Amino acid sequence: MNETVHIGTRKGLFQFTRTAPGQWQRNETVFLGDPVTMVLTDPRTGDRYAGLNHGHFGVKLHAARAGTSEWKEIGTPAFPKVEDGDGPTVELIWELVTGGDDEPGTLWAGTIPGGLFKSTDNGESWRLIDALWQKPEREKWFGGGYDKPGIHSICVHPHDSNTIRLAISCGGVWESTNGGETWQQTGQGLRAAFMPPELAYDPVSQDPHRMVQCAASPDHLWIQHHNGIFRSEDGGHNWTEITDVSPSVFGFAVAVHPTQPDTAWFVPAIKDEHRIPVDAQLVVTRTRDGGKTFETLTRGLPEEPAYDLIYRHSLDIDDGGDLLAFGSTTGNLWVSEDQGDHWQCLSKHLPPINVVRFDL
Amino acid sequence: MITVTFTPNLQRHVLSPPRELQADTVANALHQIFAENPALAGYILDDQHRLRKNIAVFIDGTLIQDRNTLSDSLQPSSDVQVLQALSGG
């Protein structure tokens, strides 16, 4: 009980705590008025983190250390200065995860443009992982939705902290098995219908909208790709496309059950220029058999026409595997306490939602 | 003395009081201030130490020309204003 879900929005960070079955209490709101693009609670320490994008004033990272409610600005990932002055600058913190249990203080951040940053001091300072930034293939990365490519999914292997898998829009899937010292492109089998046919299976041209790993079985990963739904059982090296999903295989978000790798959830939409629910009916889809079949979950979701879009970080599952939450660009927030069988709307009046994350 | 003032919208994020100093360029003036108040620098300059794209600096009412190295010259009594360019939202 007392699970908390953190909601990063265009106008602040909102938080809801479960006080009893079916009972959710809104608690503190912080950064009111400021865009919050990423949130994280470090389960190793209880420290909380929030990535902000102040627009005019740039990207910032704040932390509330365990046991306190005071948020303070800490170090922000930044690209090294280059001599000719034409170098990159961080435009968005798009992913933030902890290192392994054997790496106290380690955090990983993904940014737009596509930088991977590591901190070993609980976010007080950061360094660019140059080995990935210098990969020649990076020249082939391109923006998908945003003007520049970005790293939005970082999966640290829970049993081997040196194995890290990334998903990049658009740059495909990457893996390091030595803590980030070297990187290799993986992602065989991902298919990009938006590319010329001869490049459809080019691993670097892929647009995985979101990649998640099963915590108990981390070689099992799911991707909600621009082009559909994909599943890997070998750590992201090879992927199987799942095409027979109603009402749509398109979407941004995916969640996988923490102990059941065959169970995953998606929030489908109409592809490309529309990006609204199919037939204006907001639904969640769930598979329990690795993508062979899907259920369409609707109980508690709007019966009237709905135009909510769920961004890639705005669907999450708690570490117990029963609680799910998702939030939309129109500021609606739903939770389920039974793996999606029933949904409860916690708010219809939040700002546009960027990220939804449970405490782990 | 040169006077440097910052948009009041910065105040809720970071300490940014007006400052009087002596300097020959915008870069020189701002670097003096950032040396005393390092947290302010990241709100005004990007990772490459360029002026952030939605920040505007005026010298005596004239927009500066060099956003990359801030080499625009100052007069001994210049009034430097660091403002935010308007945008939606």
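**Note on a predicted model: a pocket and selected strands of chain A**

1. The residues lining the second largest pocket comprise 20 nonpolar, eight polar and eight charged ones. The structure under review is a predicted model, and every value in this note is to be read in that light.

2. The space within this second largest pocket amounts to about 960 Å³. Its lining is made up of 36 residues, of which V97(A), I154(A), Q213(A), A215(A) and L360(A) are the closest to the centre of the pocket.

3. Which strands contribute to the lining of the second largest pocket? At least two residues each are supplied by β4 (36-41), β8 (92-98), β12 (150-156), β16, β20, β24 (315-317) and β28 (353-358) of chain A.

4. One of these strands, β16(A), also belongs to an open sheet of four strands. The order in that sheet is β16-β17-β18-β19 (chain A), and the pairing is antiparallel. The edges are formed by β16 (208-213) and β19 (240-242) of chain A, each of which pairs on one side only. On average, neighbouring strands of this sheet are turned by 25° against each other, direction ignored.

5. Within the sheet, β16(A) and strand β17 (residues 221-225) of chain A run antiparallel and are joined by five bridges. The student may locate this pairing at M211(A), which stands opposite I223(A) in β17(A).

6. A further strand to examine is β22 (residues 284-287) of chain A, whose two faces are both covered. On one side lie V284(A) and R286(A), on the other T285(A) and T287(A), and all of these are buried.

7. With which strands does β22(A) pair? Strand β21 (residues 264-268) of chain A pairs with β22(A) in the antiparallel sense over three bridges; here W265(A) has R286(A) in β22(A) as its bridge partner. Strand β23 (residues 295-297) of chain A likewise pairs with β22(A) in the antiparallel sense, over three bridges, and T296(A) in β23(A) is the bridge partner of T285(A).

8. Is T263(A), a residue of the loop between β20 (251-256) and β21 of chain A, buried or exposed? Its relative accessible area is 2%. A residue counts as buried under 20%, and T263(A) is therefore buried.

9. The surroundings of T263(A) may be described through its contacts. Leaving aside neighbours within four places in sequence, T263(A) is in contact with A255(A), V256(A), H257(A), T287(A) and R288(A). One of these residues, T287(A), is also among the buried residues of β22(A).

Technical notes. Residues numbered from 1 in each chain as written. Chains lettered and ligands numbered in written order. Predicted model: local features only at pLDDT ≥ 70, side-chain atom pairs only at ≥ 80, totals over all residues. Heavy atoms only, no water. Buried < 20%, exposed > 50% of the residue type's maximum accessible area, 1.4 Å probe, protein only. Pairing = 2+ DSSP bridges. Contact = heavy atoms within 4.5 Å. Axes fitted to C-alpha atoms, helices over the stretch in contact; angles between N-to-C directions. 1 Å grid on protein atoms, 1.4 Å probe; cavity = no way out; pocket = protein on both sides within 12 Å on 5 of 7 lines; lining within 4 Å. Points joined across faces, edges and corners; volume = space filled by probe spheres on them. Nonpolar A, V, L, I, M, F, W, Y, C, P; charged D, E, K, R; others polar.
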